[in-house]
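User: Could you take me through one part of this structure closely, namely the sheet and what packs against it? I am in my first year, so please connect each step to the next.

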Amino acid sequence: MTSKQRAYLRGLAMKLEPVLQIGKASVTPELTKAVDEALEARELIKLHVLKNCFDDPRELAETIAERTRSQVVQVIGKKIVLYREPKEKKERKIVLPVHKEK
């Protein structure tokens with residue numbers, strides 16, 4: 001993912017409300033499955049790490065992204081934004097800007 005694509009996704013994510021919260025149980029198989037389903041339905045999601053979760057949000061983001069085969073768009077404070085392209089190109093809801101050669 002290029003920096004322009006990441007910036008575009010960050011702009012889209014500003015308007016999003018968190019769809020899931022990560023609590024003191026941290027990353028569980030149930031959370032991973034819920035994130036996977038949310039990515040399948042929406043492509044771009046925002047997660048909120050609660051105060052009672054003592055894990056580092058950046059490490060949580062990397063772990064979840066690895067398990068769901070998604071990409072970390074950004075981590076700001078206790079907010080995590082993840083993106084994953086759909087398996088079928090025709091189901092795509094978000095069209096990323098393409099890099100143009102000079």
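**The sheet and its surroundings**

Analyst: In this predicted model, a good place to begin is the pair formed by strand β3, residues 71-76, and strand β4, residues 79-83, which run antiparallel and are joined by five bridges. Within this pair, Q74 has V81 of β4 standing opposite. The two strands make up a hairpin in which two residues lie between them, and G77, which sits in the turn, has a positive phi of about 60°.

At another place in the sheet, the pairing has the parallel sense: β1 and strand β2, which covers residues 44-49, are paired over three bridges. Here I22 is found opposite V49 in β2.

Putting the strands together gives an open sheet of four, in the order β1-β2-β4-β3, and its pairing is mixed. Because β1 (20-22) and β3 each have a single partner strand, they stand at the edges, and one side of each is left without a neighbour in the sheet. On average, neighbouring strands of the sheet are turned by 25° against each other, if direction is ignored.

Next comes what packs against the sheet. Helix α2 lies across β1, β2 and β4, and α2 runs at about 150° to β2. This helix, residues 29-42, also meets helix α3, residues 57-68: their axes come within 10 Å and cross at roughly 65°. An angle of 65 to 115 degrees counts as roughly perpendicular, so α2 is roughly perpendicular to α3. The crossing of these two helices is right-handed. On the α2 side the contact involves L31, T32, V35, D36 and L39, and these meet I64, R67 and T68 of α3. Sorted by character, the residues of this contact comprise four nonpolar, two polar and two charged.

Finally, the sheet can be placed in the whole chain, which has three helices and four strands. Followed along the sequence, these elements give the pattern α-β-α-β-α-β-β. The chain has a radius of gyration of 14 Å, and the globule rule gives 13 Å for 102 residues; these values are close, so the chain is as compact as a globular protein of that length. Measured out along its principal axes, as computed from the model, the C-alpha trace spans about 50 × 25 × 25 Å.

Methods
Residues are numbered from 1 along each chain as its sequence is written. This is a predicted model: local features need pLDDT of at least 70, side-chain atom pairs count only at pLDDT 80 or more; totals for chains, interfaces and linings use all residues. Side-chain values use heavy atoms; hydrogens and water are left out. Two strands pair if DSSP finds at least two bridges between them. Axes are lines fitted to C-alpha atoms, for helices over the stretch in contact, and angles run from 0 to 180 degrees between N-to-C directions. Angles under 35 degrees count as roughly parallel, over 145 as roughly antiparallel, 65 to 115 as roughly perpendicular and the rest as oblique. A crossing is left-handed if the near helix is turned anticlockwise from the far one by less than a right angle, and right-handed if clockwise. Contact means heavy atoms within 4.5 Å. Ala, Val, Leu, Ile, Met, Phe, Trp, Tyr, Cys and Pro count as nonpolar, Asp, Glu, Lys and Arg as charged, and the others, Gly among them, as polar. The radius of gyration is taken over C-alpha atoms; the globule rule is 2.2 Å times the number of residues to the power 0.38.
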